[in-house]
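Grab a coffee and work through these exercises with the model open. Each one sets a task and then walks through a solution.

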Amino acid sequence: VVDPLEGTLVSDAGVAVGRVQEIAPGGIRILFPSEADPPAGIVPGAPVEVAVGGGKGDPVAGQVVWIGSTTDGSSVAGVEARIQWDEEASCRQQQAGTEPVLDLAAVRHRTPRYSTLARALDELFVRGSGESFDGPEGLVFLCRWARALTGAEIAEAWCFGERDRSWRLRAVVSGDSSEIWEEDGPTLPSDAIDFLRFREAMRCGGQLFRNDLDPGVPWPAWARTPGARAALLVPVCGREMDLGVLCLFDRHRPFAFGPQSQRDAVILARQAALLLEQSRTLESLRSSEEKFRRIFDEGIDGITLNDEAVGTYLDVNGEFLKLTGYRREEVIGRTPAGIGIWARREHFREALRALRARGSLRNFETEFRMKDGTLRCGLYSAARIEVGGRPCILSFVRDVTALREAERELEKSRQQLAVTEKLSALGRVVAGVAHEIRTPSTYVANHLFLIRHRLEALRAALPDLGSEIVQVLQSVEVAVEGIGRIDRLVKELRRFVRQPVSGRAKASLDEVVRGAVELFRTVGQGRIELEVDLAPTPPLPVDREPVQQVVLNLLHNAMEASPSGGRVRIATRAVAGGGEVAVQDWGAGIPPEAEARLFDPFFTTKAEGTGLGLSIARRIVEAHGGSIRYETRLGEGTCFVVFLPAEADPTSKQEAP
Amino acid sequence: VTKIVIADDEDAVLSSTRALLEVLGYAAIPVSRGEEILPVLRRERPEALLQDVRMPGVDLAELVRTLRADPDLAGIAILVFTADVDAEDIWKSVGADGFVEKPFDPPELGRILREVLRR
């Protein structure tokens, strides 16, 4: 007879001999636990009759078709017997209509307590794996099922804090109502002793129950429910510590909690403990994963995770995408070589080799090519790691382009500053020297004028001495010319050390050059044939006078390099980003040994040169953000080309005098 | 004869320029010390003053202001000259009438003087 309350198979003698495992339309499976031998009649081939207890339904005839041991995990759980209904009985049952011979659901229905525990565990498990059990909802859930299972009037669940005297959460469910308390602190001192003693007892795996509460019996005050006649306290114990307690009370039935209730409550509490622990582990995992995810996603470095074997990108962070300009789907599944991100393949190979040899790589500086083709300077660090058993490479790339640019910029301005300082010191010296030279020059020149004036008068008065006087006058002329030359040198020196004066206005280069050419023709002594080819350029921001100075210097050099009557060509043209002026001569060319020092101040190959022309020219051009270059062939000639940009380089300072 | 006062602390410049001005047909009165400038100007009432830019004890801007403010001296044309480089802008900023760079070409000095005096 199947006992519908217990789900057990009861022998004719009324002793539970086995448990119903499964009831199928064709038969039934019954487990006889190891402790008890199967009843004598249960042997293969033996006819049996099975009935549901309580007189409901006729016994069904069948036959034992199989007996064997069954295992529960590793240990033998007992002997299992399979009983197959007789053909006739099955047919009869089917003809009768609705119900199968024995319906497990029906059995479960008739054994509410069993099904409740099974369901409770199921539900708890589902609830616990779906969302965190470690919260008020979890505790209320536990209380509801504890009540359903044990019939307790009030169910109360506590969640302990991390410290001995504290609790975090307390849920009380009574009828349909539930209450939640949250506290993060010690319990009241008077309660603390009981509380600690209770926790101690709980830790030892005990449980406390009183079926007939006497007001005189000391009962933990914190767990006292006024008017309770029966109480059952079960620890919610994790693997290492007690996590909480499940308390059940009943105010009406003094003997509310029997052994079955105690056992069920313990099972329920264990399940709850498992879920609590799992929730906490998951939570801490989740938060640590979240932490790492945040580092990954919001890191200031570009971070990528690549499969080591095939090299494909498995994951990249937002910074990487922002940096490179790629979209996620454009890189995931592709390789660094595939998207060509390493601008220098030899660096890529070198980095990989080092990574394989040492397992990690730090601050390897190289250039990366962004999606739009631009190159950026990056510090590459990487480590070989395993993700889910798969060898991977975790890479960090820090963009140091701006840093390197700033460093270069700093170095440039440092050099510029050094030059400027030198020049300004030199400038003061030159200004002082110029004044000292020009003062005697003044009275020498004045006296030369007076001498000339008086000699002219003498020549008129003394015609006999005319030729003598003319000779002296010629000497005076040479002296006057010498004074003029001294003064030009002083002025040129001064111009060299003077900082460019800002006075830029938009002007087309051909027009500026034309002015210089006019100027050159008036002083150029007609020694050469000047060929002028000035194509219009767009307006450029130029400081007219210094730029004309540049052109004059170049023309002067070209003239000096040309043989008498030689040809010099000057041309302008518009180029991308600005304009160019080229001065070409067909002279001797620049000897290789002179090239290195070509732009050095005071370097000259000419007997009468100051050595300042080209260095001044270069300073002026660079102050405009432009450049000066040349091509030369020995014996064939030289061409200097000055480029001036349409947009002045914003970093080039317009220096004050 | 047009009278010109020349003020310069450099005697060789002073004397040679004076001789030169006389050759050019002017009556030149030399002043070598800063504090003598105003008394000489008051006494001589010249048509022009040829004034060195850097003369000990003379603040050029102050001197020009004083002359302009004095009804007796306001008519004097002020021409500054200097051996300094980059001094072209100074004469305008102090409000002088003209500028000559040392060393100068005497005919050029004469031309500038005539121009300043005409104004």
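Buried means under 20% relative accessible area, exposed means over 50%, and partly exposed is in between (1.4 Å probe, protein chains only). This is a predicted model, where local features need pLDDT of at least 70, side-chain atom pairs count only at pLDDT 80 or more, and totals for chains, interfaces and linings use all residues. Residues are numbered from 1 along each chain as its sequence is written, chains are lettered from A and ligands numbered from 1 in the order in which they are written, and side-chain values use heavy atoms, with hydrogens and water left out.

**Exercise 1. Place L426(A): which helix holds it, and which class does its accessibility give?**

Step 1: L426(A) sits in helix α11 of chain A (helices are DSSP runs of H or I, at least four residues, and strands are runs of E, at least two, numbered from the N terminus).
Step 2: Its relative accessibility is 32%, so L426(A) counts as partly exposed.
Step 3: L426(A) joins V429(A), V433(A), I437(A) and I486(A) in a nonpolar surface patch with about 360 Å² of accessible area together. Patch residues have over 30% relative accessible area and no salt bridge, with nonpolar side chains (Val, Leu, Ile, Met, Phe, Trp, Tyr) joined within 5 Å and like charges within 9 Å.
Step 4: Helix α11 (residues 401–461) of chain A gives the most to this patch, with 4 residues.

**Exercise 2. Check the length of helix α4 of chain A.**

Step 1: The expected span is 1.5 Å times one less than the number of residues.
Step 2: The 15 residues of α4 (residues 136–150) of chain A should therefore span 21 Å.
Step 3: The end C-alpha atoms of this helix are 21 Å apart, which agrees.
Step 4: Just past α4(A), G151(A) takes a positive phi of about 75°.

**Exercise 3. What do R569(A) and D533(A) tie together?**

Step 1: Their side chains meet in a salt bridge, 2.7 Å from N to O (a side-chain nitrogen of Lys or Arg within 4 Å of a carboxyl oxygen of Asp or Glu).
Step 2: R569(A) is in strand β22 (residues 567–575) of chain A and D533(A) in strand β20 (residues 529–534) of chain A, so the pair ties together parts 36 residues apart in sequence.
Step 3: R569(A) is partly exposed at 27%, and D533(A) is partly exposed at 37%.

**Exercise 4. Buried or exposed: how does D84(B) count?**

Step 1: D84(B) pairs with R54(B) in a salt bridge, the closest N and O atoms being 2.5 Å apart.
Step 2: D84(B) has a relative accessible area of 13%, so this residue is buried.
Step 3: R54(B), at 45%, is partly exposed.

Definitions and conventions
Accessible areas come from the Shrake-Rupley method with a 1.4 Å probe; for residues, only the protein chains shown count as cover.
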